[in-house]
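Work through the exercises below with the sequence and the model open. Try each task before you read its solution.

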Amino acid sequence: MTNEQVAQTAAQLKQLDFVDEIQFPDDTSYVHILLAPRLTAVLPPAYNVLQIPRSDFTVERVISDYAIVVEKLQELADTAHEMLGSALKQTGIDGERREYDT
């Protein structure tokens, strides 16, 4: 992959909502894709940075790896919903949805 191809890929990725920053550390053969703060606020730390081999640094590869993060988020949401359902059953609360200030 040429430097021009790497630059083009980085430019395309920087436009994506889930990408916060792209780093090219000198001491490794990986490109680091730092995810957007909205994601890192809710993800386990191990999922906050995508590490892509420089030799495989393509938009397709980054999106494929990001899809794994999305699956993890879905798993976390599913677990949270299960726990909420259990809590509602245990307490007899009707589960009416409330809006919370963020």
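**Exercise 1. The fold in outline**

Task: How many helices and strands does the protein have, and in what order do the elements run?

Solution: This is a predicted model. The protein has 3 helices and 3 strands. Read from the N terminus, their order is α-β-β-α-β-α. Now turn to the overall spread. The globule rule gives 13 Å for 102 residues, but the radius of gyration is 18 Å, well over that value, so the protein is more spread out than a compact globule. Next, take the box along the principal axes: the C-alpha atoms fill roughly 60 × 20 × 20 Å.

**Exercise 2. Inside and outside**

Task: What share of the residues counts as buried?

Solution: Buried means under 20% relative accessible area. By that cut-off, 25% of the 102 residues are buried. The accessible surface is about 7,700 Å². Carbon and sulfur atoms hold 50% of that surface. Then look at the charges: there are 8 positive and 17 negative ones, and their mean positions lie 4 Å apart.

**Exercise 3. The span of α3**

Task: How far does helix α3 reach from its first C-alpha to its last?

Solution: Start with the residues. Helix α3 covers 59-91, which is 33 residues. At 1.5 Å a residue, the expected span is 48 Å. The model gives 47 Å, close to that value. Just after the helix, Gly92 takes a positive phi of about 75°.

**Exercise 4. The buried residues of α3**

Task: Which residues of α3 are buried, and what covers them?

Solution: List the residues: Val59, Val62, Asp65, Tyr66 and Val69. Now recall a rule about spacing. An α-helix has 3.6 residues a turn, so residues three or four places apart point the same way. Then find the cover. It includes the helices α1 (3-14) and α2 (37-40), along with the strands β2 (30-35) and β3 (49-53).

**Exercise 5. Two residues of one helix**

Task: Is Asp65 buried or exposed? Which residues does Leu76 contact beyond its neighbours within four places in sequence?

Solution: Take Asp65 in α3 first. Its relative accessibility is 15%, so Asp65 counts as buried. Leaving out residues up to four places away in sequence, Asp65 touches Leu50, Gln51 and Ile52.

Now take Leu76, also in α3. Its relative accessibility is 33%, so Leu76 counts as partly exposed. Beyond its neighbours within four places, Leu76 is in contact with Val42 and Pro44. Finally, check a distance. Leu76 and Leu43 are 33 residues apart along the chain, and 8.8 Å separates their C-alpha atoms.

Key. Residues numbered from 1 in each chain as written. Predicted model: local features only at pLDDT ≥ 70, side-chain atom pairs only at ≥ 80, totals over all residues. Heavy atoms only, no water. Helix = DSSP H or I, 4+ residues; strand = E, 2+ residues; numbered from the N terminus. Rg over C-alpha atoms; globule rule 2.2 N^0.38 Å. Buried < 20%, exposed > 50% of the residue type's maximum accessible area, 1.4 Å probe, protein only. Areas by Shrake-Rupley, 256 points an atom, 1.4 Å probe, with all protein chains shown as cover. Lys, Arg positive; Asp, Glu negative; His and termini not counted. Charge placed at Lys NZ, Arg CZ, Asp CG, Glu CD. Expected span 1.5 Å × (residues − 1). Contact = heavy atoms within 4.5 Å.
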